[in-house]
Amino acid sequence: MTATGPERSPLRIVVAEDDAIIRMDLCMILAEEGYEVVGDCGQGDLAIDLIREQRPDVAILDVKMPGMDGIEAARAVSADRLCAVVLLTAFSQRKLIETARDAGVMAYLVKPFQREDLVPAVELAVGRFAELTALADETSSLQQQLETRKLADRAKAVLMAEHGLTEEAAFKFLQRGAMDRRLPMRDVARAVLDGDLAP
């Protein structure tokens, strides 16, 4: 069993497949492999509702479903970075795989799938999703750092020009302001730029 271990709790999974027998088999195999199936349904639009409600680690979506197909559902799930997506398909054409990849699908299972293909697909999807999420968080953090630096530079320029401070003194003023007020430096820099804070 790969899904559980002392270091992590079972992965939570939502299954969306319109064929009730395949869906039942899939849920049973996932449970036997140590995963926790937190919801299942037969329509893409219902799958999105389930995913928003349950916040699983992985969604397994069939390509062809009523209501909304698996690729559209994957696109919606990926746009909000809700969870990793594994696409379940009877087809493995290149065009479909490219479309699915662009929709944010992390791994594929081709029907009829084998039990031994299921765990690697789920684990691969979770790993890729974790990497993408970390990358997105890092990018957003870098953007914030850049924004803070730009604001601090502009605020230093104002402090130097309007209050005759040296660059070092201007920076210390911003730093001290951030510590004293327990605010991020970018907020202190904005207050200087807005004229709400001066030495």
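Buried means under 20% relative accessible area, exposed over 50%, and partly exposed in between, with a 1.4 Å probe and protein chains only. These exercises use a predicted model, in which local features need pLDDT of at least 70, side-chain atom pairs count only at pLDDT 80 or more, and totals for chains, interfaces and linings use all residues. Residues are numbered from 1 along each chain as its sequence is written, and side-chain values use heavy atoms, with hydrogens and water left out.

**Exercise 1. Find out how far the model can be trusted, and where to be careful.**

Step 1. Start with pLDDT, the predictor's confidence in each residue, from 0 to 100. The protein chain averages 87, and 95% of the residues score at least 70.

Step 2. Now look at the start of the chain: over residues 1-6, pLDDT stays under 50. Where pLDDT is low, the predicted coordinates should not be read in detail.

**Exercise 2. Describe the overall build of the chain.**

Step 1. List the elements, which are DSSP runs numbered from the N terminus (helices are H or I, at least four residues; strands are E, at least two). The protein chain has 7 helices and 5 strands, and their order from the N terminus is β-α-β-α-β-α-β-α-β-α-α-α.

Step 2. Check the radius of gyration, taken over C-alpha atoms, against the globule rule of 2.2 Å times the number of residues to the power 0.38. The protein chain has 25 Å, while a compact globule of 199 residues would be near 16 Å.

Step 3. Add the box: along the principal axes, the C-alpha atoms fill roughly 75 × 40 × 25 Å.

Step 4. Turn to helix α5, residues 115-163. From its first C-alpha to its last, this 49-residue helix reaches 71 Å, close to the 72 Å expected at 1.5 Å a residue; the expected span is 1.5 Å times one less than the number of residues. Just after α5, G164 takes a positive phi of about 65 degrees.

**Exercise 3. Work out which side of helix α2 is buried, and what it packs against.**

Step 1. Within α2 (residues 44-54), pick out the buried residues: G44, A47, I48, L50 and I51.

Step 2. Because these residues cover an arc of only 165 degrees around the axis, they lie on the same side of α2. The arc is that of the directions from the helix axis to the C-beta atoms.

Step 3. Find the partners, with contact meaning heavy atoms within 4.5 Å. The buried residues of α2 pack against β1 (12-16), β2 (36-41), β3 (58-62) and α3 (70-79).

**Exercise 4. Decide whether the cysteines C27 and C41 are paired or unpaired.**

Step 1. Apply the cut-off: a disulfide is a pair of cysteine sulfur atoms within 2.5 Å. A search of the whole structure finds 0 disulfides.

Step 2. For C27, the nearest cysteine sulfur is that of C41, 9.7 Å away.

Step 3. Look at their surroundings. C27 counts as buried at 15% relative accessibility, and C41 is buried too, at 8%. C41 is also one of the residues touched by R23, an arginine in helix α1 (residues 20-32) that is buried at 17%.

**Exercise 5. Hunt for unusual backbone geometry.**

Step 1. Recall the background: most residues other than glycine have a negative phi, and most peptide bonds are trans.

Step 2. R55, in the loop between α2 and β3, has a positive phi of about 50 degrees although it is not a glycine.

Step 3. R182 has a positive phi of about 55 degrees. This arginine lies in the loop between α6 (167-181) and α7 (185-193) and is exposed, at 78%.

Step 4. Finish with the peptide bond between K111 and P112, which is cis, with omega about -5 degrees. P112 sits in the loop between β5 (107-110) and α5.

Conventions: Lists of a residue's contacts leave out its neighbours within four places in sequence.
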